[in-house]
Amino acid sequence: MRYELKLDFDFKPRSARKFGKEIADKLKFLTSFFGIKVIDVKVYETNKGLHLYVSIYSSVELDDRDIVVLQL
């Protein structure tokens, strides 16, 4: 199933695009726990920092609690 993680960062890194890729790469460790694969990352700059929308695919069904844990 496909899901979307919404991440909010209240700081601005030097390169928003590079930062988004680094976060997506760090999420790859979740594959062994949830069978998750990162499909896409969209990065939007805000006044205070960044919003990242990470599209993932999971081989197991995730409930709302799982999504909340992944967004921490």
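Buried residues account for 31% of the 72 residues in the chain of this predicted model. The chain exposes about 5300 Å². Carbon and sulfur atoms contribute 53% of that area. The radius of gyration is 12 Å. A compact globule of 72 residues would have a value near 11 Å, so the chain agrees with that expectation. Along the principal axes, the C-alpha trace spans about 35 × 20 × 15 Å. Contacts were also examined by sequence separation. Of those with a separation of 6 or more, 61% involve residues 24 or more positions apart.

The secondary structure consists of three helices and three strands. Their order along the sequence is β-α-α-β-β-α. Strand 1 covers residues 2–9, strand 2 covers residues 36–45, and strand 3 covers residues 50–58. Helix 3 spans residues 64–71.

Strand 3 pairs with strand 1 and runs antiparallel to it. Eight bridges join these two strands. Within this pairing, Glu 4 has Ser 55 of strand 3 as its bridge partner. Lys 6 is matched in strand 3 by Tyr 53. Strand 3 also pairs with strand 2, again in the antiparallel sense. Here the count is nine bridges. Val 41 has Val 54 of strand 3 as its bridge partner. A hairpin of four residues links strand 2 to strand 3.

The two faces of strand 1 differ in cover. Tyr 3, Leu 5, Leu 7 and Phe 9 form the covered face. Arg 2, Glu 4, Lys 6 and Asp 8 form the uncovered face. Two residues of the uncovered face, Glu 4 and Lys 6, recur in the pairing with strand 3: Glu 4 bridges to Ser 55, and Lys 6 bridges to Tyr 53.

A nonpolar patch lies on the surface and is formed by Val 68, Val 69 and Leu 72. Together these residues present about 340 Å² of accessible area. Val 68 belongs to helix 3. The relative accessibility of Val 68 is 48%. Residues count as exposed over 50% and as buried under 20%. Val 68 is therefore classed as partly exposed.

Definitions and conventions
Residues numbered from 1 in each chain as written. Predicted model: local features only at pLDDT ≥ 70, side-chain atom pairs only at ≥ 80, totals over all residues. Heavy atoms only, no water. Patch = residues over 30% accessible without salt bridge, like charges linked within 9 Å, V, L, I, M, F, W, Y side chains within 5 Å. Areas by Shrake-Rupley, 256 points an atom, 1.4 Å probe, with all protein chains shown as cover. Salt bridge = Lys/Arg side-chain N within 4 Å of Asp/Glu carboxyl O. Buried < 20%, exposed > 50% of the residue type's maximum accessible area, 1.4 Å probe, protein only. Pairing = 2+ DSSP bridges. Rg over C-alpha atoms; globule rule 2.2 N^0.38 Å. Contact = heavy atoms within 4.5 Å.
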